[in-house]
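Let's take a walk through a protein model together. Keep the picture open beside you and look for each residue as it comes up.

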Amino acid sequence: MQNTLSKPDENGSHSEQYSRENSYRSALMSLTVLFFMWGFITSLNDILIPYLKALFDLTYTQAMLVQFCFFGAYFVVSIPAGYLCKKLGYQGGIVTGLAIAAVGGLMFYPAASEISYALFLTALFVLASGITILQVAANPYVTALGSEVTASGRLTMTQAFNSLGTTIAPFFGGLLLFGAASSELAIPSSQAVKLPYLLLASALLLLSFIFFKLQLPSIRAHSQVQSEASRPIISHPKLILGAVGIFLYVGAEVSIGSFLINFFIDPRIGGMSERVAANLIAYYWGGAMLGRFLGASVMQFVPARVCLVACSVMAMLLIFCSMQLSGQLAIYSILAVGFFNSIMFPTIFSLALSGLKGLTGQGSGLLCLAIVGGAIVPMLQGMIADKFGLQPSFWVPLLCYLFIAFYGLKGAIMPSWTRSNTHNSTQDHS
């Protein structure tokens, strides 16, 4: 009788596990669309910057206000977004983020009609606010949809679709914004900005409705009150250092992408037209996409920390080469950095969140807050470019990758500070 009773329980358990894994797989497939969309939107900034620079006759520093307003939204919105996702859940946060991003896309129409740089920056801030809420909700959701051991690989795979969006966007933006340009720079018109961002707003509204209707699995582990949640965030140095790593990584990646068109059209480097340069940006982001697909497989066998160190060292070497060389070699060197950027964000993110348990939501909010590096680092490089020239300004992202290498070597394995550790330390000193 005991065997007869235990067998259905075992089968029931297997059936429940299979159903859960199936729902997780379906949810991950749905989430890849979100990663694609915010990658697409973020990469459009690389086309928008030189376009607005020519339209409003801006300096490099003034043009970098595009990234400052876009990524500054992460600093302003991440903490409120964390509370919002805690109240509405991951799915509610995703729906809200998509709707707000759509509003930002619609705001480009009046900005283009008024030909106002301030309105363009405001629209970018609202658009980025929605993307911030998406990031705060979607990144920890992906890490929760399966084993913590495979979280880095899983987040890397979904981030690969983010890179697919960043790869396609330069062709889309270059065609619509620089499509009329010949080898000489055509006089830009603000009206050309209306169509791409109205299309984006429509797509975002449609996605918001779809995700409102979807039946996504509810993840409770991160919302449960656990003993870990009573410990302050400051007691987890790998999280704090991970936040610094995210700040510097996003800053370096965005800064490089923001200067690529100006780098390629420089007579000492490529001397090419804006349209051709815009198309080349796709190889920078395409390299990241390829690297993420490969990285997701490699990290099944190679520790994530080792991959992180190797990629950051290669990025430093390539940037140094692009600073010292000219012509095709300088172009190929800086484009290749995209490939080694590939696994950095998801790897730093998942390493920083590992073991946080009840603090995962709060930790995710802190890491998304650190994405503000995309606002600060490009501004810093812009100021250096205005003062010392474009090529010397690439020392800024190079030094960012130096810290990321340190995080992979040491920062990601630092133990948490606990009361017991402090107590033992006090006893040792006494």
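Leaving aside its neighbours within four places in sequence, which residues is Tyr 401 in contact with? Here's the roll call: Tyr 249, Ala 252, Glu 253, Ile 256, Ser 312, Ala 315, Met 316, Ile 319, Val 337, Asn 341 and Met 344. Before going on, keep in mind that this is a predicted model.

Tyr 401 is a good place to start, since it belongs to the largest nonpolar core, a set of 132 residues. Together with Phe 264, Tyr 401 touches the most other members of that core. And who gives the most to the core? That would be helix 1, residues 2–56, with 16 residues. As background, nonpolar side chains in soluble globular proteins tend to be buried together.

Now zoom out to the whole chain. You'll find 16 helices and zero strands. Of the 430 residues, 56% are buried. The chain exposes about 18600 Å², and carbon and sulfur atoms supply 66% of that area. How about links between parts of the chain that sit apart in sequence? Take the contacts between residues at least 6 apart: 84% of them join residues at least 24 apart.

Back to helix 1, where you can find Thr 32. Is Thr 32 buried or exposed? It counts as buried because its relative accessibility is 15%, and the cut-off for buried is under 20%. The side chain of Thr 32 reaches the backbone oxygen of Met 29 at 2.5 Å. If you skip residues up to four places away in sequence, Thr 32 touches Thr 158 and Phe 161.

Keep following the chain and you come to Asp 57, in the loop between helix 1 and helix 2 (60–63). Asp 57 has a positive phi of about 55°, even though it isn't a glycine. Asp 57 is exposed because its relative accessible area is 67%, and exposed means over 50%. Ile 115 also deserves a look: it has a positive phi of about 50° and is not a glycine either. You'll find Ile 115 in the loop between helix 4 (108–114) and helix 5 (117–144). With a relative accessible area of 47%, Ile 115 is partly exposed.

What about the cysteines? Cys 69 has 18% relative accessibility, so it counts as buried. Cys 85 is buried too, with a relative accessible area of 7%. As for disulfides, the structure holds zero.

Next, try helix 9, which runs over residues 274–298. How far does helix 9 reach from its first C-alpha to its last? Its 25 residues span 36 Å, close to the 36 Å expected at 1.5 Å a residue. Look at the start of helix 9 as well: a side-chain oxygen of Ser 273 reaches to within 3.3 Å of the backbone nitrogen of Val 276. While you're looking at helices, here's a handy general point: an α-helix has 3.6 residues a turn, so residues three or four places apart point the same way.

One last stop: Val 306, in helix 10 (residues 304–324). Val 306 counts as partly exposed, at 46% relative accessibility. Try finding Ala 405 from there. Val 306 and Ala 405 are 99 residues apart in sequence, yet their C-alpha atoms are 9.4 Å apart in space.

Key: Residues numbered from 1 in each chain as written. Predicted model: local features only at pLDDT ≥ 70, side-chain atom pairs only at ≥ 80, totals over all residues. Heavy atoms only, no water. Helix = DSSP H or I, 4+ residues; strand = E, 2+ residues; numbered from the N terminus. Expected span 1.5 Å × (residues − 1). Polar contact = N/O pair within 3.5 Å; in protein donor to acceptor, adjacent residues only side chain to side chain. Core = buried A, V, L, I, M, F, W, Y, C linked by side-chain atoms within 4.5 Å. Buried < 20%, exposed > 50% of the residue type's maximum accessible area, 1.4 Å probe, protein only. Contact = heavy atoms within 4.5 Å. Areas by Shrake-Rupley, 256 points an atom, 1.4 Å probe, with all protein chains shown as cover. Disulfide = S-S within 2.5 Å.
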